[in-house]
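Colleague: I would like to learn how to read a model of this kind. Where should I begin?

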Amino acid sequence: GGPMMPLPGGASRATLSGPTGIFTVHPGVEVRAGRDGATCMIALSEPRVSGTHASLKLEAGQLFVRDEGSNNGTYVNGQRTAAAVWTPVPPGASLRFGPVEFSVRLE
């Protein structure tokens with residue numbers, strides 16, 4: 001078979017743009033965000049960000065974020081998400097890891 005086709009209307013990648021650059025999340029790969037550059041693809045050198053702050057995944061064209069029990073929280077459009085729960089992130093949302101804010105684009 002060829003490459004997996006995204007579902008109709010679904011995104012094939014999500015991009016997060018923020019103060020530290022642009023990061024891409026691809027389907028089937030969980031991406032971590034946090035201060036620990038060894039384990040986190042989205043490395044945030046900000047003291048109020050936890051070592052492993054949150055995880056992201058793109059599934060069926062939808063981006064999800066899961067707070068990993070961080071001290072300062074993960075926010076979607078200003079709403080704090082529950083820890084250890086996969087929360088959908090709508091396209092165009094603002095996604096914040098502690099004080100570090102990203103804007104989300106699905107492509």
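**Reading a strand, a core and two polar residues**

Modeller: Begin with one residue: Lys 57 sits in strand β5. Keep in mind that this is a predicted model.

Colleague: Is Lys 57 buried or exposed?

Modeller: The cut-off for buried is under 20% relative accessible area. Lys 57 has 15% relative accessibility, so Lys 57 counts as buried.

Colleague: Which side chain makes a polar contact with the side chain of Lys 57?

Modeller: That of Glu 59, at 3.4 Å. Leaving out residues up to four places away in sequence, Lys 57 also touches Val 25, Val 29, Glu 30, Gln 62, Leu 63, Phe 64 and Trp 86.

Colleague: What is the secondary structure of the protein around it?

Modeller: There are eleven strands and zero helices. The pattern along the sequence is therefore written with β alone, as β-β-β-β-β-β-β-β-β-β-β.

Colleague: How do I read the overall dimensions?

Modeller: Compare the radius of gyration with what a compact globule would have. For 107 residues that would be near 13 Å, and the protein has 13 Å, so the two agree. The C-alpha trace spans about 45 × 30 × 25 Å along its principal axes. As for burial, 40% of the 107 residues count as buried. The exposed area is about 5600 Å², with 53% of it supplied by carbon and sulfur atoms.

Colleague: And the nonpolar core?

Modeller: In soluble globular proteins, nonpolar side chains tend to be buried together. Here the largest nonpolar core has 22 residues, and those that touch the most other members are Leu 16, Ile 42, Leu 56, Leu 63, Leu 95 and Phe 97. Elements that give two or more residues to this core include β1 (14–18), β5 (54–59), β6 (62–67) and β10 (94–97).

Colleague: Which residues does Phe 97 touch?

Modeller: Beyond four places away in sequence, its contacts include Leu 16, Ala 33, Leu 44, Val 49, Leu 56, Val 65, Thr 74 and Phe 102.

Colleague: Thr 74 is on that list. Where is Thr 74 placed?

Modeller: Thr 74 lies in strand β7 (residues 74–76). Its relative accessibility is 0%, so Thr 74 counts as buried. The side chain of Thr 74 makes a polar contact with the side chain of Asp 67 at 2.6 Å. Among the other residues that Thr 74 touches are His 53, Ala 54, Arg 80, Leu 95 and Arg 96.

Colleague: How do I judge contacts between residues far apart in sequence?

Modeller: Take the contacts between residues at least 6 apart in sequence: 41% of them join residues at least 24 apart.

Technical notes: Residues numbered from 1 in each chain as written. Predicted model: local features only at pLDDT ≥ 70, side-chain atom pairs only at ≥ 80, totals over all residues. Heavy atoms only, no water. Core = buried A, V, L, I, M, F, W, Y, C linked by side-chain atoms within 4.5 Å. Buried < 20%, exposed > 50% of the residue type's maximum accessible area, 1.4 Å probe, protein only. Helix = DSSP H or I, 4+ residues; strand = E, 2+ residues; numbered from the N terminus. Contact = heavy atoms within 4.5 Å. Polar contact = N/O pair within 3.5 Å; in protein donor to acceptor, adjacent residues only side chain to side chain. Rg over C-alpha atoms; globule rule 2.2 N^0.38 Å. Areas by Shrake-Rupley, 256 points an atom, 1.4 Å probe, with all protein chains shown as cover.
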